[in-house]
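Visitor: I should like to learn how burial, cores and salt bridges are read from a model. Please give the general idea before each case.

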Amino acid sequence: MKEPTESCDDQYLTFTLEKGLYALSINHVREVLEYVTITKMPRTPDYICGVINLRGHAVPVVDLKVKFGLGQTEKTINTCIIITEVNFEGDQTVFGILSDSVREVYEMDEGQIEPPPNMGTAIRKDFIVGMGRSDDVFIIILDINKVFSTQELASVLDAVGQDNHSAIAL
């Protein structure tokens with residue numbers, strides 16, 4: 001068995017969106033929550049679900065399925081909110097991601113991760129770190145720092161009234 005590393009650079013939290021299996025480096029994951037009520041914010045982009053109260057702080061929640069054009073996340077017993085940290089203009093910013101379900105933490109070293117496939121210019125692949133594999137299922141490894149543009153992150157933070165240059169200390 002491999003010794004755990006302090007930086008956890010080879011560990012990824014896997015989760016589902018629609019029928020796909022996705023992953024985030026656990027270095028960017030703070031915690032996973034069961035679905036809680038999300039307060040909708042007016043005049044926000046469709047992919048912003050609203051905010052949740054996390055230990056007294058308003059944390060924005062986004063629906064990656066909407067962002068990726070996969071429809072809207074249906075709330076089920078398995079629906080989770082992944083609390084992530086994103087680098088925004090040099091600071092760590094916290095927000096939640098809705099997922100259909102959370103699976104497990106996988107260890108994948110660099111040699112097990114293939115580059116994202118070239119699917120033409122219509123599909124952005126700059127936010128995909130690479131493709132891992134679990135048996136016969138591909139795992140799409142996301143770079144959470146690149147999933148949202150600077151403008152999109154600013155709109156998420158503006159929606160909850162956070163200063164764009166301050167991180168939530170939880």
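Guide: Let us begin with burial: a residue is buried under 20% relative accessible area, exposed over 50%, and partly exposed in between (1.4 Å probe, protein chains only). By this rule Glu85 is buried, with a relative accessible area of 18%. This is a predicted model, in which local features need pLDDT of at least 70 and side-chain atom pairs count only at pLDDT 80 or more, whereas totals for chains, interfaces and linings use all residues. Residues are numbered from 1 along each chain as its sequence is written, and side-chain values use heavy atoms, with hydrogens and water left out.

Visitor: What percentage of the residues in the protein is buried?

Guide: Of the 170 residues, 46% are buried.

Visitor: How are the elements assigned, and in what order do they run from the N terminus?

Guide: Helices (H or I, at least four residues) and strands (E, at least two) are DSSP runs, numbered from the N terminus. The protein has three helices and 10 strands, in the order β-β-β-β-β-α-β-β-β-β-β-α-α.

Visitor: How should a nonpolar core be read?

Guide: In soluble globular proteins, nonpolar side chains tend to be buried together. A nonpolar core is a set of buried Ala, Val, Leu, Ile, Met, Phe, Trp, Tyr and Cys residues joined through side-chain atoms within 4.5 Å. Here the largest has 25 residues, and Phe15, Leu24 and Ile97 are among those with the most contacts inside it. Elements that each supply at least two residues of this core include strand 1 (11–17), strand 7 (91–99) and helix 3 (150–159). A second, separate core has 11 residues, including Ile38 and Leu98.

Visitor: Which residues does Ile97 contact beyond its neighbours within four places in sequence?

Guide: Contact means heavy atoms within 4.5 Å. The partners of Ile97 include Leu24, Val62, Leu64 and Ile144.

Visitor: What defines a salt bridge, and how many are counted?

Guide: A side-chain nitrogen of Lys or Arg must lie within 4 Å of a carboxyl oxygen of Asp or Glu. The count comes to five. One of them joins Arg30 and Glu85, with the closest N and O atoms 2.6 Å apart. Arg30 in strand 3 (residues 29–34) and Glu85 in strand 6 are 55 residues apart.

Visitor: Is Lys65, in its bridge to Glu18, buried or exposed?

Guide: The Glu18–Lys65 bridge spans 3.2 Å, N to O. Lys65 is buried, at 4% relative accessible area, whereas Glu18 is partly exposed, at 43%.
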